[in-house]
Amino acid sequence: MAAPAAYGKEQVLNIIYTGSLQGELEPCGCSPKTDFGGLARLSGYIKENKKGLSPYLLVDAGNFSSEDTPQGRLKTETLLKAYGIIGYDAVAFGKREAVLPADFLLPVSHKYKIKVVADSPNYSRAVLKNINKLNIHLGTNPEGPEKGKINILLSDINVSDAKTIKGWDVIILSSEEILEEPVKTNSAIIVAGYPKGKKFGILTLHLDRTGKVTDFRHKWQPLGADIKEDKAIRQILNDYDSQVAGLLKKTEKPLTESAYLGTAKCAECHQPFVESWEKTKHAKAFSSLEHVGKSFDPECVICHTVGFAEGGFFSMEATPGLANVQCEVCHGTGRKHLSDFEKPLKPVTVYVCLKCHTNDRSPDFNYPSYLEKIKH
Ligand code: HEC
Ligand code: HEC
Ligand code: HEC
Ligand code: HEC
């Protein structure tokens with residue numbers, strides 16, 4: 001290897017990084033407090049701030065894939081398509097990618113011209129990049145830093161293991177750990193992609209005339225609703241929604257005899273209760289999905305209807321009477337109740353609510369005050 005090239009002047013290089021997206025294309029929007037992340041915002045931010053960010057490298061440290069299910073594969077493919085358009089310089093494959101079959105991942109990566117780095121014979125183990133005459137080596141094999149280059153390791157190992165690795169200037173992880181501040185070891189600066197892409201990192205390297213890293217700055221850029229979306233990526237996400245709707249249409253139709261009766265039936269005997277329920281947000285939960293084009297997505301429908309995947313709601317065409325968060329979500333299925341009114345229905349406790357009011361979806365959930373709002 002040649003001695004470090006003389007670059008002539010001091011300079012800076014921004015490394016924009018993500019890692020551990022875990023299939024998150026965009027946040028659900030259930031609560032403003034957790035409404036962070038999403039590929040359309042990421043791309044929108046980079047486009048809008050290109051000048052200030054340059055010169056920059058854009059990398060993903062791996063573990064971006066969703067599960068190996070039909071919907072999960074659609075997500076993973078959508079993610080890679082978006083990465084191709086956003087222009088990632090390197091995308092590492094981690095443990096989540098390793099479990100996906102090669103006959104799925106390989107053609108998809110080719111199709112979208114993804115610069116993959118992976119510890120696998122199917123892909124390259126490194127990507128070389130030249131920015132402003134800086135020789136940058138992006139690799140995934142901890143044994144392989146190269147002399148005279150800026151060495152950046154993309155890996156899914158955890159922080160404590162990364163601390164023992166030598167010879168790399170920067171180590172970017174996708175371990176699902178939250179590293180609020182970079183860790184500086186004798187040789188490397190270690191950072192980790194924020195889980196599910198709620199924010200992305202910008203690591204600014206200061207380099208001397210020989211290209212040696214002399215200092216660094218780090219900042220997180222949160223991806224909140226204030227960030228303008230990239231329209232091209234929005235289109236890709238909308239295409240994904242249509243494909244998901246197609247998947248749902250292919251699955252089997254529900255049984256006609258359901259254990260769920262639906263609110264219209266309860267109204268025959270409990271009209272006042274139905275009227276006051278209609279004033280709660282639960283009665284409009286399905287239209288919230290329609291507003292954002294997600295009314296065919298099982299991952300959303302499950303909490304915004306009654307009895308989805310349990311013989312209740314299936315689709316607006318097949319089971320319109322079971323849309324929204326209805327009576328039977330809390331009181332239990334009503335069919336047995338009809339033959340014996342004395343038989344007590346399921347007692348309603350906080351645990352019923354917590355099935356849907358999770359930390360991520362409903363960070364403000366508080367049982368007494370929420371109960372007050374649904375009194376009927
Ligand atoms: C685990 C259950 C759950 C899942 C899954 C879920 N939601 Fe929600 N969603 C909720 C709850 C609970 C609220 C109410 C949160 C609150 O106000 O405390 C909510 C609220 C919302 C709202 C805000 C409605 C308003 O008042 O303006 C939107 C929009 C929404 N969800 C969309 C989605 C989308 C899109 C998905 C799928 C990507 C989804 N939800 C998946 C439980 C869920
Ligand atoms: C099947 C899932 C589900 C269950 C179970 C559930 N909720 Fe909800 N809840 C939702 C969804 C979805 C919304 C958002 C409705 C919308 O605006 O789209 C919501 C909204 C609410 C809101 C309105 C919040 C606001 O922003 O004003 C209150 C209050 C509430 N739920 C209370 C409760 C309580 C109390 C329980 C338990 C007794 C409960 N919920 C059980 C899904 C559920
Ligand atoms: C989000 C959960 C939730 C939903 C949705 C809901 N309820 Fe309730 N309901 C409760 C809770 C909580 C109580 C009061 C505590 C209790 O008695 O279990 C209650 C009380 C009642 C009672 C009085 C019970 C008694 O012992 O006096 C009736 C009747 C009732 N609900 C009917 C309905 C009907 C009909 C609907 C649909 C239109 C409905 N509820 C929707 C949670 C819910
Ligand atoms: C044909 C009339 C009828 C229908 C339909 C009906 N109920 Fe009832 N329900 C009753 C009667 C009668 C009682 C017992 C007397 C009372 O408390 O009002 C009762 C009691 C209840 C109670 C309070 C007692 C308990 O066991 O907790 C709840 C909650 C309730 N019904 C919910 C529902 C729900 C939800 C539906 C729709 C799925 C429904 N009911 C449909 C007639 C009906």
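**View 1. His270 and His337 hold the iron atom of ligand 4.** His270 is partly exposed, because its relative accessible area is 37%. In this predicted model, His337 has a relative accessible area of 19%, so His337 counts as buried. Both histidines coordinate the iron atom of ligand 4 through NE2, at 2.0 Å. The site has six donor atoms, with angles of 88 to 179° among them, and is octahedral. The pair links distant parts of the chain. His270 sits in helix α8 and His337 in helix α12, 67 residues apart. Ideal angles for six octahedral donors are 90 or 180 degrees.

**View 2. A shell of 14 residues surrounds ligand 4.** The closest are Cys266, Cys269, His270, His337 and Leu345. Three elements give two or more residues to this shell: α8 (263-277), α11 (327-331) and α12 (335-339). Helix α8 gives the most, with four residues. Two polar pairs stand out for inspection here. A polar side-chain atom of His270 lies 2.8 Å from a nitrogen atom of ligand 4. For His337, an N or O atom of the side chain is 2.8 Å from a nitrogen atom of ligand 4.

**View 3. Cys30 and His304 coordinate the iron atom of ligand 1.** Cys30 contributes SG and His304 contributes NE2, at 2.2 to 2.3 Å. The six donor atoms make angles of 88 to 179°, and the site is octahedral. Cys30 lies in the loop between β1 (11-18) and α1 (39-48). His304 belongs to helix α10 (residues 298-304). The two are 274 residues apart, so this pair links distant parts of the chain. Cys30 counts as partly exposed, because its relative accessibility is 36%. His304 counts as buried, because its relative accessibility is 18%.

**View 4. Two histidines coordinate the iron atom of ligand 2.** They are His282 and His357, each using NE2, at 2.0 to 2.1 Å. The six donor atoms subtend angles of 84 to 180°, which makes the arrangement octahedral. His282 lies in the loop between α8 and α9 (285-291). His357 lies in the loop between α13 (350-354) and α14 (367-373), so the pair ties together parts that are 75 residues apart in sequence. His282 has a relative accessibility of 22% and counts as partly exposed. His357 also has 22% relative accessibility and counts as partly exposed. Buried would require a value under 20%.

**View 5. Thr280 is buried in the loop between α8 and α9.** Its relative accessible area is 7%, so Thr280 counts as buried. A polar atom of the Thr280 side chain lies 2.7 Å from the backbone oxygen of Trp277. Leaving aside residues up to four places away in sequence, Thr280 touches Lys373 and Ile374.

**View 6. Helix α7 runs over residues 231-250.** Its 20 residues should span 28 Å at 1.5 Å a residue. The end C-alpha atoms are 29 Å apart, which agrees. Asp230 caps the N-terminal end of α7. A side-chain oxygen of Asp230 lies 2.9 Å from the backbone nitrogen of Ala232. The buried residues of α7 are Ile233, Arg234, Ile236, Leu237, Tyr240, Asp241, Val244, Ala245 and Leu248. An α-helix has 3.6 residues a turn, so residues three or four places apart point the same way. What covers the buried residues of α7 includes α1, α3 (70-86) and α10.

**View 7. Three loops carry backbone features to check: a cis peptide bond at Pro55, and positive phi at Gln22 and Asn132.** The cis bond joins Ser54 and Pro55, with omega about -5°. Pro55 lies in the loop between α2 (50-53) and β2 (56-60). Gln22 has a phi near 50° and is placed in the loop between β1 and α1. Asn132 has a phi near 45° and lies in the loop between β5 (126-131) and β6 (134-139). Asn132 counts as partly exposed, because its relative accessibility is 45%. Most residues other than glycine have a negative phi, and most peptide bonds are trans.

Technical notes: Residues are numbered from 1 along each chain as its sequence is written. Chains are lettered from A and ligands numbered from 1 in the order in which they are written. This is a predicted model: local features need pLDDT of at least 70, side-chain atom pairs count only at pLDDT 80 or more; totals for chains, interfaces and linings use all residues. Side-chain values use heavy atoms; hydrogens and water are left out. Donors are N, O and S atoms within 2.8 Å of the metal (3.2 Å for Na, K and Ca); water is not among the atoms, so sites may look incomplete. Four donors count as tetrahedral if all angles lie between 85 and 135 degrees; four count as square planar and six as octahedral if opposite donors are over 155 degrees apart and all others between 65 and 115; anything else is irregular. Buried means under 20% relative accessible area, exposed over 50%, partly exposed in between (1.4 Å probe, protein chains only). The expected span of a helix is 1.5 Å times one less than its number of residues. Contact means heavy atoms within 4.5 Å. A polar contact is a pair of N or O atoms within 3.5 Å; within protein, one must be able to donate a hydrogen and the other to accept it, and residues adjacent in sequence count only if both atoms are side-chain atoms. A residue is near a molecule or strand if one of its heavy atoms lies within 4 Å of it.
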